[in-house]
Amino acid sequence: MKPVSLIQFLIEERRAGHINTELSLLIEVVARACKRIAVATGKGALGGVLGAAGTDNVQGEAQKKLDVISNEILLEANAWGGHLAACASEEMEDPQPIPDMYPKGQHLLLFDPLDGSSNIDVNISVGTIFSVLRCPDDVTEPKVEHFLQPGTTQLAAGYVVYGPSTLLVLTFGHGTHEFTLDREIGSFILSRRDIRIPEQTGEFAINMSNQRHWEAPMQRYIGELLAGKDGPRGRDFNMRWVASMVADVHRIVTRGGVFFYPLDAKIRDKGGKLRLMYEANPMAFIVEQAGGAASTGRERIMELQPVGLHQRVPVFLGSKQEVELAAHYHREADGAQG
Ligand code: P6P
């Protein structure tokens, strides 16, 4: 079958009425920027891009050089494109307006430019996560409050995983699709259309070192998985934890599984570890469009009304039956507490 490039796919989506031209051009710009990030990460030690940048981001996390480089690549690529009213990034406190000398568009772009960057120096897959919202019609200078839209309003979401191959996974709300970067021609080529995540799974992803800090229903749910075939689940389970959300989520998108970053006593006051606007919401959109589920353990992630640009939430996502069972245990425990 003739390969379908990202450009051709975007034209198909426009013809199907799923997206408009401006969103199509915006995705092309983001994909092109991510190709540049792939080149930068691929250089490793030879590019002088490893190690700490010597600065902290808005989260108070030490930035890697590649965090800063990736952020700059995405900002520069999107400044002149004319498709955006503003950008927001994990690496920046406030939204970044589009410079006055450039035309503005009707979209808001949010991104984690290099998620999992603590893995960069040990050569483990990292990725870029992005989400696209509509800018309110009467707004020319978007402020934080204009970004604070529930995940259900996203027009597009995607991630690029920089691994053995560079893959773009994308949804516009009409299925989830995967593109593989053909490095010889520099194009993303459609490699999986209409991905489906199996509703059942035998594989879970969680950072077990936090177990003693989890809430009781999380202890119960994971304890049952660990009990294996002699326990209440009557089967053995396998565990994976890359500590790079994009890599863990891509494994789930590819072969099923369930990912948890639950509340625990250490991070309770922050609301969780992962960020709602540019990690949980885009991943939730992608996973739901592939037939999976995405919950905080108590609510559907995409229905949350955001209260802050860098708000953190608990994340349960992946194979629907496991997400729903874990969430059921949490609701049951809440009910018992009254
Ligand atoms: P921990 C990376 O820092 C990240 O934001 C996600 O990509 C990843 O899933 C998680 O944090 C890893 O957290 O506590 O295992 O280091």
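Start with the whole protein chain in cartoon view: eight helices and 17 strands, counted as DSSP runs numbered from the N terminus (H or I, at least four residues, for helices; E, at least two, for strands). The radius of gyration is 20 Å, close to the 20 Å that the globule rule gives for 338 residues, so the chain is as compact as a globular protein of that length; the radius is taken over C-alpha atoms, and the rule is 2.2 Å times the number of residues to the power 0.38.

Before zooming in, note that this is a predicted model, where local features need pLDDT of at least 70 and side-chain atom pairs pLDDT 80 or more, while totals for chains, interfaces and linings use all residues. Residues are numbered from 1 along each chain as its sequence is written, and side-chain values use heavy atoms, leaving out hydrogens and water.

Now select the ligand and everything around it (a heavy atom within 4 Å). You'll pick up 13 residues, with Asp115, Asn207, Trp241, Met245 and Tyr261 the closest. Colour by strand next: β13 (258-261) and β14 (274-275) each supply at least two residues of this shell.

Time for the polar contacts, pairs of N or O atoms within 3.5 Å. Click through these, each to an oxygen atom of the ligand:

- Asp115: a polar side-chain atom at 2.8 Å.
- Met245: a polar backbone atom at 2.7 Å.
- Lys273: a side-chain N or O atom at 3.4 Å.

Finally, switch on the surface: the protein covers 81% of the 390 Å² of accessible area that the ligand has on its own (Shrake-Rupley method, 1.4 Å probe).

Key:
Polar contact = N/O pair within 3.5 Å; in protein donor to acceptor, adjacent residues only side chain to side chain.
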